[in-house]
Amino acid sequence: HAQARVPGLIAAGALDAERVFQHGEAWPAFTALWLHADLGHLVSNAGGGLLVFTALVATFGVRAAWLRLAVAAAAGNALSVALHHGGDYRSVGA
């Protein structure tokens, strides 16, 4: 909903290889987690995330599950951008 109302939100929060490596901006690995390209992207991430989060909560508890999920998702985004170093790479989502 916010992405539709604020046109520059995706551009500001997307994971962008150039911004990470040319300008040293590491924070998009976290902000991109909250952005989604469309409703289908949101639904698929929520569905998969529900399965993973349920297993994490059962294993570690709610607080530790949230922490582990956030760290793993941000690490995945960081790895993804690192694998595309030097290329024109932009990403939203987890």
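L39, L42 and V43 together make a nonpolar surface patch of about 300 Å². L39 has its place in helix 5, and with a relative accessible area of 62% this leucine is exposed. The model that shows this patch is predicted. In the predicted chain, the secondary structure amounts to six helices and two strands. A search of the whole structure returns one salt bridge, and the structure also holds one aromatic pair.

**Overall architecture**

- Read from the N terminus, the elements follow the order α-α-β-α-α-α-α-β.
- The C-alpha trace extends over about 40 × 30 × 20 Å along its principal axes.
- The chain has 94 residues, of which 28% count as buried.
- Of the contacts in the chain with a separation of 6 or more, 59% are between residues 24 or more positions apart.
- The exposed area of the chain is about 6,200 Å², and 68% of this area is supplied by carbon and sulfur atoms.

**Helix 5: the patch and a buried histidine**

- Helix 5 covers residues 39-60, and L39 of the surface patch belongs to this helix.
- L39 counts as exposed because its relative accessible area is 62%, and the cut-off for exposed is over 50%.
- H41 also lies in helix 5.
- H41 is buried, since its relative accessible area is 18% and the cut-off for buried is under 20%.
- Beyond residues up to four places away in sequence, H41 touches L35, H36, V92 and G93.

**The aromatic pair between helix 5 and helix 6**

- A pair of aromatic rings is described by two quantities, the distance of the centres and the angle of the planes.
- The one aromatic pair of the structure is formed by F53 and W66, with 4.6 Å from centre to centre and 45° between the planes.
- The arrangement counts as tilted because 45° is neither under 30 degrees, as stacked rings require, nor over 60, as edge-to-face rings require.
- F53 sits in helix 5 and W66 in helix 6 (residues 62-83), so that the pair links distant parts of the chain, 13 residues apart.
- The two partners carry different burial labels: F53 counts as buried at 17% relative accessibility, whereas W66 is partly exposed with a relative accessible area of 48%.

**Further side chains of helix 6 and the loop after it**

- L69 is located in helix 6 and is partly exposed, with a relative accessible area of 24%.
- Leaving out residues up to four places away in sequence, L69 touches V52, F53 and L56.
- L69 and F53 are 16 residues apart in sequence, and their C-alpha atoms are 7.3 Å apart in space. F53 is thus a residue that L69 touches and also the partner of W66 in the aromatic pair.
- R68 lies over the face of F60, at 3.8 Å from the ring centre.
- H85 is found in the loop between helix 6 and strand 2 (90-91).
- H85 is exposed, because its relative accessible area of 52% is over 50%.
- From C-alpha to C-alpha, H85 and G49 are 27 Å apart, and in sequence they are 36 residues apart.

**The salt bridge at helix 3**

- Side chains of opposite charge can pair when their charged atoms come close.
- In the one salt bridge found, the side chains of E25 and R19 meet at 2.9 Å, N to O.
- This pair counts as a salt bridge because 2.9 Å is within the 4 Å cut-off between a side-chain nitrogen of Arg and a carboxyl oxygen of Glu.
- R19 has its place in helix 3 (residues 17-23).
- R19 is buried, with a relative accessible area of 15%, while E25 is partly exposed, with a relative accessible area of 22%.
- Apart from neighbours within four places in sequence, R19 is in contact with A11, A12, A14, G24, E25, W27 and P28. Its salt-bridge partner E25 is one of these contacts.

Conventions
Residues numbered from 1 in each chain as written. Predicted model: local features only at pLDDT ≥ 70, side-chain atom pairs only at ≥ 80, totals over all residues. Heavy atoms only, no water. Phe/Tyr/Trp six-rings, centres within 6.5 Å; stacked < 30°, edge-to-face > 60°. Helix = DSSP H or I, 4+ residues; strand = E, 2+ residues; numbered from the N terminus. Buried < 20%, exposed > 50% of the residue type's maximum accessible area, 1.4 Å probe, protein only. Lys NZ or Arg CZ within 6 Å of the ring centre and 35° of its normal. Patch = residues over 30% accessible without salt bridge, like charges linked within 9 Å, V, L, I, M, F, W, Y side chains within 5 Å. Areas by Shrake-Rupley, 256 points an atom, 1.4 Å probe, with all protein chains shown as cover. Contact = heavy atoms within 4.5 Å.
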